[in-house]
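Dear colleague,

I am passing a structure on to you, and below it you will find what I noted while going through it. Please have it open beside this message as you read.

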Amino acid sequence: MEREEILRKLRERIVAFAASHLAGDIAEDLAQEVLILLHEKYHQVDRLEELVPLSLQIARFKIMSLRRKSQRHGEYTQVSVTDIQLPDLEADPATLLERKLMLERLAKAVAQLGDRCRELLRLKLQGMNFGEIQKHMGAQSINTVYTWDHRCRKHLLELMGGDWEPHK
Amino acid sequence: MSRDEIQKLLGGYATGTLTEAEQRDLFAAALEDQELFDALAKEQALHDVLREPAARRQLIEALGPPREPFGVRVWQWLRRPAGIAMTAGLAVTLIIGAIVLRKPQPAARPETIVADATLRQAPLPETAPAPKPVQARSAVIRRPKLKVAVQEEAAPVPAPPPPAAPALPPAPVAVAQFAPPPVLPAATVSRASAAGSPSSVSPFTYSLLVGQPDGTYSPVAAGAALRAGDSVRLQVTPGSSGFLYLFRHSESGWRMITGQPVEQSVSYQLPSTGAVESIQPAQIQLLLVLSSQGTTLGDIDLLASGADSKAKATVRRFAPGLMAARAPAPVSPPPAVLKIGLEFH
């Protein structure tokens, strides 16, 4: 898939996603900001496996920045896209704090998982792919591992209150 | 990949578990599927946290000590008292089950092979009239799944057949039943016995002795017939040591005339005192039983009925005039039974 085609589809998805989190025409503007950043700062990135996670990361930072600013000014629904700063993808103090809080919640939640889920998550965090995990855990097929992981992730998400992030 | 399968890849995105191929599948699907894209976008928060090695280490610590491999966990469980008890119980159950399963099953209906043996008259002195051939009753062999070839006259003595299945009532017996008994040529019998040494594989060989005026017993002359008032004894040479019994049939059933321990290949006269007699023309049924044990002979009627029902034996003439009852030779030999018919004219 060509880069332009990927970016076109990305824009559609980001607009739809942002529209479910932001009001008005902010979603359209946010998607445009993401694409501008990809074009200006990451023009050398053209592979699907890189473009999608990068665009998701940028979009998330933009949404979080927008929320923080809106909450500070009490203008959550009235913020203009021109006031939103483009994230430089470097962790700022607020982002670091949010990550710290999220990590603490995660640590509490994973401790409540069952043996298999904890073992599966440990192997994932140690860098194993699903094929390696299958061999390590003696699963009959890789689909079995996918299923285990799907259930474990669902359980972990429930233990986290339904969302990875601490606010909303 | 189906949508459901793609959904299952979501869990690998945040932790960086996906291979390049899996990532391509997931991202390509997400570009076409808004719901999947939204789910992927929500995973981004976790993805961003887990990108940091320090955060990964912290989570790994929160997960507790790693789970032991399956084999190690089994070994640890086995070392617990409860595990030992359960394992021992399971082992005992398996052993008992194996023993029960290895018990021989009741034999299927055995094949029956009927061999009609014609007892030919032995050569007689020229002066004697040529006797007619005697048609013997069927000698029947019942054994499970085993066929016995009926060999030609004067064939070498075959090895004893294998032991019969234990579930066959009554216990395997050797029966030779001849009819009509009175025509049984005593002379033939005696000559056969004299000519042939007791076979090591035959339960016994026997000949008929008839009382003489001087009180001794001598073999019945060839072609001679028994007469009312004759005293008859059997000269028996057992093929193995054990207990030898002689029964006579009467209206009340089988009555033991004598019984004694015997040694292999030693000749005995039965009865040792007295004789089988009939003061008038009659047919007398005798039952000769050789048992390896003196106390477990069992039901004589059953043994005799086993003979009547053509139980288990093969009857041959191995040499002119020699009749031998051949019984199976199992590890614990069953009683060998020979039914003899005498007719006093």
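A helix here is a DSSP run of type H or I with at least four residues, and helices are numbered from the N terminus. Please keep in mind throughout that this is a predicted model.

I begin with chain A, which has seven helices and zero strands, so that, by the DSSP runs used here, its pattern along the sequence reads α-α-α-α-α-α-α. Of the 168 residues in chain A, 30% are buried, and among its contacts with a separation of 6 or more, 55% are between residues that lie 24 or more positions apart.

Two helices of this chain deserve a closer description, and the first is α7(A), which covers residues 142-159. It has 18 residues and reaches 26 Å from its first C-alpha to its last, close to the 26 Å expected at 1.5 Å a residue. Its buried residues are A:Val145, A:Tyr146, A:Trp148, A:Asp149, A:Cys152 and A:Arg153. Seen down the axis of α7(A), these buried residues fall within an arc of 165°, so they line one face of the helix. They pack against α5 (115-125) and α6 (130-137) of chain A, together with α1 of chain B, while the face turned away from the buried side carries the exposed residues A:Lys154 and A:Glu158. Just after α7(A) comes A:Gly161, which takes a positive phi of about 90°.

The second helix is α4(A), residues 93-110, which has 18 residues and reaches 25 Å from its first C-alpha to its last, close to the 26 Å expected at 1.5 Å a residue. Here the buried residues are A:Glu98, A:Arg99, A:Met102, A:Leu106 and A:Val110. Viewed down the axis of α4(A), they fall within an arc of 100°, so they line one face of the helix. What covers them includes α5 and α7 of chain A, together with α3 and α4 of chain B. On the face of α4(A) turned away from its buried side, the exposed residues are A:Pro93, A:Ala94, A:Leu96, A:Leu97 and A:Lys108.

This leads to the place where the two chains touch, at which 38 residues of chain B are in contact with 36 residues of chain A. On the side of chain B that touches chain A, α1 (3-14), α2 (20-32), α3 (34-50) and α4 (53-62) of chain B each supply at least two residues, and α3(B) gives the most, with 11 residues. The residues of that side of chain B divide into 18 nonpolar, 11 polar and nine charged.

Chain B also holds an open sheet of four strands, in the order β9-β8-β12-β15, with antiparallel pairing. The strands β9 (253-262) and β15 (336-344) of chain B stand at the edges, each with a single partner strand, so one side of each is left without a neighbour in the sheet. From one strand to the next, the twist averages 20°. As for a single pair within this sheet, strand β8 (residues 242-250) of chain B and β9(B) pair in the antiparallel sense over nine bridges, and the bridge partner of B:His249 in β9(B) is B:Trp254.

With kind regards

Methods
Residues numbered from 1 in each chain as written. Chains lettered and ligands numbered in written order. Predicted model: local features only at pLDDT ≥ 70, side-chain atom pairs only at ≥ 80, totals over all residues. Pairing = 2+ DSSP bridges. Axes fitted to C-alpha atoms, helices over the stretch in contact; angles between N-to-C directions. Buried ≥ 20, exposed ≤ 12 C-beta atoms within 10 Å, placed from the backbone. Contact = placed C-beta atoms within 7 Å. Nonpolar A, V, L, I, M, F, W, Y, C, P; charged D, E, K, R; others polar. Expected span 1.5 Å × (residues − 1). Arc of directions from axis to C-beta.
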